Amino acid sequence: MPLVAHTDLPTFQRLREEGEEVVDAERAKHQDIREMHIGLLNMMPDAALEATERQFFRLVGACNQIVQFHIHPFTIDGLKRSPEAQAHIDKYYEPFAKIRADGLDALIISGANVTRESLPEEEFWLPLTEVFSWARENVASVLCSCLATHAVIQYRYGIARTRLPAKRWGVFPHKVIDRSHPLVAEINTRFDVPHSRYNEIFQGDMERHGLKILAASATAGVHLAVSEDGFRTVFFQGHPEYDDISLLKEYKREVMRFFRAETDEYPPFPENYFNAEAQALFHGYERHVRTVRVTGQALAAFPEQAVLAHLDNTWRDTAKAVFNNWLGKVYQLTNQDRRLPFMAGVDPNNPLGL
């Protein structure tokens with residue numbers, strides 16, 4: 001299933017170089033295959049902006065329905081941007097007004113960094129809720145990732161997330177809870193998912209408001225849930241889109257924060273992520289960082305390259321399968337006019353007929 005490079009977004013070329021199937025717009029015009037238009041509301045900070053594009057583009061492009069995917073990245077007000085990131089957005093992203101006018105078959109909403117104690121106090125809160133409210137009425141299904149899950153659940157159901165005693169950080173085993181739901185059809189009943197968050201919405205709170213839990217972890221909590229209608233909103237509390245190096249990049253960032261004395265605590269390892277060899281390398285680097293922080297000597301390079309061979313990705317296949325199931329159902333249910341959410345005869349309150 002090819003992605004269509006309908007703009008000059010650099011992510012398309014990066015994905016081609018990685019071996020992903022990407023066709024140009026002219027070739028796509030001559031293929032007698034239905035198009036699907038997927039929105040990506042990218043709220044991630046500057047350092048992760050383009051990486052987030054690639055991660056979600058990969059998952060969409062890996063689906064095996066017979067369809068051409070046009071992905072439409074956009075963002076919202078209330079997110080501070082560097083001049084470089086803003087230039088990227090201005091050149092390659094679409095305004096929400098155009099997205100709203102043209103319509104979408106499905107929408108993905110990424111996570112975001114927060115700066116306030118309460119989500120409704122964030123500058124992006126009102127723009128985000130405006131997007132979600134529109135999508136809820138006009139798009140077949142909205143998939144929310146991590147922070148977006150917390151924000152949308154608070155907005156729709158009034159459930160405020162709870163601060164955890166420590167950061168939920170690492171790769172955790174999960175189990176499918178409802179094996180009959182189409183979103184988890186034909187996936188492993190046990191699988192891994194990365195998590196990286198300080199807050200959680202608990203399973204009991206979700207269930208009390210009618211959300212359906214599809215996959216959860218005994219240690220990391222709910223990963224996958226859907227709205228009470230079974231499909232219109234899909235909630236990820238983890239990060240199945242992560243690359244194998246995503247947690248490594250986060251660990252490096254936290255180590256550098258300690259070196260610059262922005263925090264007094266050296267970061268722990270993400271759980272279940274670094275093997276014994278990688279941990280040994282990083283223990284040695286920790287001793288070095290602690291020494292040069294006191295002595296003022298030059299800091300040696302972070303041993304990123306040395307540990308790459310020790311990193312395993314134990315979640316990608318399941319992530320692809322869930323995305324494949326999700327977009328397959330969107331394909332079956334959505335109207336061919338992307339300004340309309342469903343084809344005739346589909347019940348918006350129970351689109352899967354469960």
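This is a short tour of a predicted model, with a few things to select and look at along the way.

**Stop 1: two helices that cross**

Start by selecting residues 46–61, which form helix α3, and residues 83–92, which form helix α4. Packed helix pairs are described by two things, the angle between their axes and the distance between those axes. Here the axes come within 9 Å and cross at roughly 35 degrees. Which hand does the crossing of α3 and α4 have, left or right? It's left-handed.

Now show the side chains where the two helices meet. On the α3 side, pick Asp46, Leu49, Glu50 and Glu53. On the α4 side, pick Ala85, His88 and Ile89. Try colouring this set by residue type: the contact of α3 with α4 has three nonpolar residues, one polar and three charged.

**Stop 2: strands side by side**

Next, select strand β7, residues 162–176. Add β8, residues 190–200, and you'll see a pair that runs antiparallel, joined by ten bridges. To find one spot along this pair, click Val171 and look across to Pro194 in β8, which stands opposite.

β7 has another partner to look at: strand β9, residues 212–217. How many bridges link β7 and β9? There are two, and this pairing is antiparallel as well. Click Lys175 and then Ala216 in β9, its bridge partner.

**Stop 3: a closed-off space**

Keep β8 on screen for this one. Rolling a probe the size of a water molecule over the atoms shows where empty space is left. A search of the whole structure turns up one cavity of 30 Å³ or more. The volume of the largest cavity is about 60 Å³.

To see what surrounds the largest cavity, select Phe191, Asp192, Val193, His223, Phe236, Pro240, Trp315, Thr318, Ala319 and Val322. Which elements give two or more residues to this lining? They are β8 and α12, the latter spanning 316–333. By type, the lining of the largest cavity splits into seven nonpolar residues, two polar and one charged.

**Stop 4: an open pocket**

Finish at the second largest pocket, with a volume of about 280 Å³. Its lining has 14 residues, and the closest to the pocket's centre are Gly78, Leu79, Lys80, Asn113 and Thr115, so-called landmarks for centring your view. Colour the whole lining by type and you get six nonpolar residues, three polar and five charged.

How values were computed
Residues are numbered from 1 along each chain as its sequence is written. This is a predicted model: local features need pLDDT of at least 70, side-chain atom pairs count only at pLDDT 80 or more; totals for chains, interfaces and linings use all residues. Side-chain values use heavy atoms; hydrogens and water are left out. Axes are lines fitted to C-alpha atoms, for helices over the stretch in contact, and angles run from 0 to 180 degrees between N-to-C directions. Helices (H or I, at least four residues) and strands (E, at least two) are DSSP runs, numbered from the N terminus. A crossing is left-handed if the near helix is turned anticlockwise from the far one by less than a right angle, and right-handed if clockwise. Contact means heavy atoms within 4.5 Å. Ala, Val, Leu, Ile, Met, Phe, Trp, Tyr, Cys and Pro count as nonpolar, Asp, Glu, Lys and Arg as charged, and the others, Gly among them, as polar. On a 1 Å grid over the protein atoms alone, a cavity is a set of points where a 1.4 Å probe fits but cannot get out, and a pocket is an open set with protein on both sides within 12 Å along at least five of seven lines; lining residues have an atom within 4 Å of a point. Grid points are joined across faces, edges and corners, and a volume is the space filled by probe spheres set on the points. Two strands pair if DSSP finds at least two bridges between them.
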